[in-house]
Amino acid sequence: MSALKARLTEAMKDAMRAKDSARLGVIRMALAALKQIEVDERVELDDARVLAVLEKLIKQRRESVAAYQSANRADLVAQEQSEIAVLEVFLPARLSDEEVDSLIAAAMAETGATTARDMGKVMNLLRPQIAGRADGAEVSKKVKAKLG
């Protein structure tokens with residue numbers, strides 16, 4: 001079992017002991033999503049894959065928040081944001097803007113990127129380094145600005 005999945009399982013047990021039904025529901029939902037992938041693909045997920053699933057769940061909730069805000073549903077916005085907060089606990093620490101900029105500079109130097117055509121090379125090198133620690137779309141915008 002991956003370390004991240006083990007942390008989720010322990011957090012579920014802690015939420016059960018504390019009778020924190022809101023937190024318990026979110027953690028169970030995340031574990032169910034992981035289990036579904038393991039059953040469908042007949043694999044044991046590693047930390048990188050667990051992290052990707054958690055990021056996907058957070059992204060879905062952020063999209064829901066935007067939809068609920070446009071529909072003036074403050075109650076549902078608050079619920080989705082609380083679910084995001086529970087899931088973000090399991091992500092690694094976020095990178096600062098300076099750290100992202102230095103990673104971009106290092107990736108550009110390593111790949112020899114100079115034009116927008118080289119963006120794919122830079123992003124392929126950056127993706128594993130920023131996984132769970134920075135928003136890929138934001139990093140992509142920064143890379144595009146530096147190359148374009």
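A salt bridge is counted where a side-chain nitrogen of Lys or Arg lies within 4 Å of a carboxyl oxygen of Asp or Glu. One such pair is D75 and R73, whose closest N and O atoms are 3.1 Å apart. The structure is a predicted model, in which local features need pLDDT of at least 70 and side-chain atom pairs count only at pLDDT 80 or more, while totals for chains, interfaces and linings use all residues. Residues are numbered from 1 along each chain as its sequence is written, and side-chain values use heavy atoms, with hydrogens and water left out.

Let us begin with the overall architecture. The chain holds seven helices and zero strands, where helices (H or I, at least four residues) and strands (E, at least two) are DSSP runs numbered from the N terminus. Along the principal axes, the C-alpha atoms fill a box of roughly 55 × 40 × 30 Å. Of the contacts (heavy atoms within 4.5 Å) between residues at least 6 apart in sequence, 60% join residues at least 24 apart.

The surface comes next. Of the 148 residues in the chain, 33% are buried; here buried means under 20% relative accessible area, exposed over 50%, and partly exposed in between (1.4 Å probe, protein chains only). The chain exposes about 9000 Å², and carbon and sulfur atoms supply 53% of this area. Such areas come from the Shrake-Rupley method with a 1.4 Å probe, and for residues only the protein chains shown count as cover.

Now for the charges. Lys and Arg count as positive and Asp and Glu as negative, with His and the chain ends not counted; each charge is placed at NZ of Lys, CZ of Arg, CG of Asp or CD of Glu. The mean positions of the 24 positive and 23 negative charges are 3 Å apart.

A search of the whole structure finds 11 salt bridges. In the pair introduced above, D75 is partly exposed at 47% relative accessible area, and R73 is likewise partly exposed at 37%. Another salt bridge joins the side chains of E10 and K13, at 3.5 Å from N to O. Both residues belong to helix α1 (residues 3-17) and sit three residues apart, about one turn of the helix. E10 is partly exposed at 40%, as is K13 at 35%.

Helix α7 (residues 136-147) contains E138 and K141, again three residues apart, and their side chains meet in a salt bridge of 3.7 Å, N to O. E138 is partly exposed at 42%, whereas K141 is exposed at 53%. Finally, D97, D101 and K142 are joined into one network by salt bridges that share partners.
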